[in-house]
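This report describes the packing of a single model, beginning with its nonpolar interior and then turning to one helix. The structure is shown below.

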Amino acid sequence: MASIFSKIVSGEIPCYKVAETNDFLAFLDINPNAKGHTLCIPKKEVDKLFDLDEHTFNELMKFSRTVALAIEKAVPCKRVGMTVVGLEVPHAHVHLIPLNAMEDAQFIKKETLSPEDFEATARTIASCL
């Protein structure tokens, strides 16, 4: 059965897209730790990050770096943190989270955004790529 991320890739489920290549997709997390919290995924469904072939893994990190630099320009924060948990969705993904305090990376406090806030944030990050 396809993961929710594969359904986003195929267009079955909408997302707030930030960036896309032939092989990767970046979109806003709908349950964000902070405004601008973005997920970077390979379009090919692979459950675990370290099960990606070496080339795809390296390209995902390169893609994630590009997106993180755009987030840093678009969202006021001290830095952009990168987290890989991998338990919540069986599809390799990287969390890029704008950080102002350690708590922002702990997946405890969540930000509430309106659809308009999500759309504006996605556009702003995308414009910084």
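## Nonpolar cores

In this predicted model, the largest nonpolar core has 25 residues, of which Val18, Cys40, Val67, Leu96 and Ile125 touch the most other members. Two or more residues of this core come from each of S1, S2, H2, strand S5 (94–99) and H3. The largest contribution is that of H2, with seven residues.

Leaving out residues up to four places away in sequence, Cys40 touches Leu25, Ala26, Leu60, Phe63, Ser64, Val67, Ala92, His93, Val94 and Leu96. There is also a second, separate core of seven residues, including Leu25, Phe27, Leu39 and Ile41.

## Helix H3

Helix H3 covers residues 115–127, 13 residues in total. From first C-alpha to last it reaches 18 Å, close to the 18 Å expected at 1.5 Å a residue.

Phe118, Thr121, Ala122 and Ile125 are the buried residues of H3. Viewed down the helix axis, the buried residues of H3 fall within an arc of 100 degrees, so they line one face. The face of H3 turned away from this buried side carries the exposed residues Glu116, Arg123 and Ser127. Packed against the buried residues of H3 are strand S1 (17–20), strand S2 (24–28), strand S3 (38–42) and helix H2 (54–74).

## Thr121

Thr121, which lies in helix H3, has a relative accessibility of 5% and therefore counts as buried, the cut-off being under 20%. Apart from neighbours within four places in sequence, Thr121 is in contact with Leu28, Lys35 and Gly36.

Notes:
Residues numbered from 1 in each chain as written. Predicted model: local features only at pLDDT ≥ 70, side-chain atom pairs only at ≥ 80, totals over all residues. Heavy atoms only, no water. Helix = DSSP H or I, 4+ residues; strand = E, 2+ residues; numbered from the N terminus. Expected span 1.5 Å × (residues − 1). Buried < 20%, exposed > 50% of the residue type's maximum accessible area, 1.4 Å probe, protein only. Arc of directions from axis to C-beta. Contact = heavy atoms within 4.5 Å. Core = buried A, V, L, I, M, F, W, Y, C linked by side-chain atoms within 4.5 Å.
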